[in-house]
Every structure is written in structure tokens, then in C-alpha cells.
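Hi,

Here is the structure I said I would pass on. Have a look first, and then read my notes underneath.

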Amino acid sequence: MRRRDHVKKEENVSYWQSYSDMMAALLLIFVLVIAVAIVALNDYKEKLAEQNEELLARQDLLEKQADEYLKLKEKLEEKQAEIDKIIGVKQEIIEALNQEFSKEEIAINIDQQTGAIVFDASILYDRSKSELKGEGIQFLDRFLPIYIGVLFSSEFKDDIAEIIIEGHTDTDSGYMYNLGLSQDRALSVVEYCLSDSSLSKEQKEQLRSVITANGRSFSNPVYDADGKVNLTKSRRVEVKFRLKDEEMIQELQGILERGDTQ
């Protein structure tokens with residue numbers, strides 16, 4: 001009996017020891033799980049904090065971009081108003097020129113978009129010459145008082161930044177020869193405007209500050225419908241005007257077309 005009791009006692013001790021070991025192992029596993037969970041939770045909190053900071057940074061960036069957009073929008077609206085004003089002034093000048101030339105029964109072809117006026121070179125010069133011929137002088141004496149009278153009128157004079165006389169040639173001969181010829185032709189018109197023309201002394205003084213002479217050689221020839229250079233039409237003189245701030249507006253338009261605004 002005693003031996004049997006002793007064996008039973010040992011079995012009970014072994015059972016409780018195994019149970020204790022199992023519970024200790026389970027406790028250890030539980031502790032490890034809790035530790036891993038805490039570490040994972042801390043990592044999650046850190047990532048969440050980073051994401052929150054990133055969202056706040058993005059929000060700040062979006063707010064700044066929104067402010068910049070509003071400022072840019074205001075600037076663009078201001079520039080658009082300037083563009084509209086310039087377009088309006090240019091159209092008013094073109095209409096005034098049309099009316100005045102029509103009154104004097106002078107047939108002038110004015111580009112209705114740019115205001116440029118093109119003269120056949122044969123009206124002003126003999127072939128391959130740059131000196132104004134008699135017929136050309138007579139024409140300028142009729143043309144200049146009307147043209148300058150409109151541009152320097154009280155309504156438009158403060159808007160005029162530049163009056164450009166451009167000489168163009170055909171594609172015969174070399175580029176440099178034609179560059180010199182076109183420049184000399186444009187210069188001869190400017191010289192006549194500022195010296196012997198019928199313009200008043202005051203008009204000549206005003207004109208001196210804004211007029212320029214440009215020779216373009218055959219850099220911009222006129223083409224026929226079949227794509228061939230029209231030699232006769234290519235030999236020409238163009239008279240143009242530029243309004244104040246027009247270059248800035250054109251630069252702005254170029255920026256917008258390229259998508260450089262940010």
C-alpha cells in the first residue's frame with residue numbers, strides 16, 4: 001500500500017509540475033505576443049504620426065498653392081484687362097486710320113489685326129535703289145500727315161511706343177546685299193519723315209523719339225498659293241506701330257502658351 005501511495009504521490013507531483021511548466025510557457029508566449037503587439041502598435045503610431053505630419057505638410061502646401069493660385073489669377077485678370085485694353089486701343093487706331101484714309105480717298109491696305117500697312121517697293125524706289133523717287137515722295141506727302149496725325153492725336157499719342165519702318169526684298173542676290181538694300185530703303189523713309197516731309201516741327205520731334213528703321217533682307221518673303229516666292233510682293237516696305245507694354249503682354253502670352261506659369 002505504501003509503495004502504491006508513493007507512486008500515486010509522485011504522479012500527482014509530476015502532473016502539477018507539467019501543468020505549471022505549460023502555464024509558464026503559455027504565460028511566456030502571452031508576454032511575447034503582448035510585447036510584439038506593443039512594438040507593432042508603437043510602429044503603427046509612429047507611421048501614423050509620420051503620415052499625419054505628411055498630411056499636414058501637404059495641407060500647408062495646398063494652402064500655399066491655393067494662395068499662389070489666387071494671386072496668379074488676380075495677376076492674370078489684370079494682364080487680361082491690359083490685353084483687352086491694348087487690343088481695344090489698337091482696333092480704335094486701325095478704325096481711325098481707315099476712316100481718315102477713306103476721307104482723303106487714299107487706297108491703303110491695313111492689316112485689321114496688327115495695323116501693319118504694306119507698300120509695294122516700286123511705289124517708293126526704282127529697282128535695286130534705295131533713294132526715294134519723285135512718285136514715292138508725293139505718296140509719302142499724302143500718307144504721312146494722315147498716318148502720323150492719327151497716331152499722334154490726343155486720343156492715342158500716349159499709347160504709342162514705337163513706329164517701325166521695315167524694308168523687305170526679294171530672294172534675288174545674296175542675303176547681305178539685300179540686308180543692306182532693305183536697311184537703306186527703310187532708312188531713306190525715316191530720313192524723309194524727319195527732314196523734308198510736310199509734317200509739323202512738333203510731329204517730327206515726337207516722331208524722332210519713337211521711329212525706327214529695320215532692314216529684313218529676304219527673311220520674310222511673300223509666297224504664292226503654289227508655294228513659290230512672289231518676287232514682286234516680297235519687295236515691299238511695311239509701316240507698323242507698337243503700343244506701350246505690348247511686348248510685355250506678348251511675353252506673358254508666350255509664357256501662358258508654354259505653360260510656364262506656376
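Below is what turned up, going from the core to two single residues.

Bear in mind that this is a predicted model.

The core first. The largest nonpolar core has 43 residues, and those touching the most other members are Ile93, Phe101, Tyr147, Leu151 and Ile163. At least two residues each come from α1 (2–103), β1 (117–120), α2 (121–124), α3 (134–151), β2 (160–168), α4 (175–194), β3 and β4 (236–243). Helix α3 gives the largest share, nine residues. As general background, nonpolar side chains tend to be buried together in soluble globular proteins.

If you want a place to start looking, try isoleucine 93. Leaving out residues up to four places away in sequence, Ile93 touches Val150, Leu151, Phe156, Ile160, Phe241 and Leu243.

Next, lysine 204, which sits in helix α5 (residues 201–208). This lysine is buried but has no salt bridge. How far away is the nearest side chain of opposite charge? That is aspartate 196, at 6.4 Å, and a salt bridge needs the charged atoms within 4 Å. Aspartate 196 is still among the contacts of Lys204 beyond four places in sequence, along with Cys193, Leu194, Ser195, Ser197 and Leu199.

Last, tyrosine 223, in the loop that runs between β3 (211–215) and α6 (231–234). Apart from neighbours within four places in sequence, Tyr223 is in contact with Lys228, Val229 and Asn230. Serine 234 is 11 residues from Tyr223 in sequence, and their C-alpha atoms are 8.0 Å apart.

Cheers

Note on methods
Residues numbered from 1 in each chain as written. Predicted model: local features only at pLDDT ≥ 70, side-chain atom pairs only at ≥ 80, totals over all residues. Heavy atoms only, no water. Helix = DSSP H or I, 4+ residues; strand = E, 2+ residues; numbered from the N terminus. Contact = heavy atoms within 4.5 Å. Core = buried A, V, L, I, M, F, W, Y, C linked by side-chain atoms within 4.5 Å. Buried < 20%, exposed > 50% of the residue type's maximum accessible area, 1.4 Å probe, protein only. Lys, Arg positive; Asp, Glu negative; His and termini not counted.
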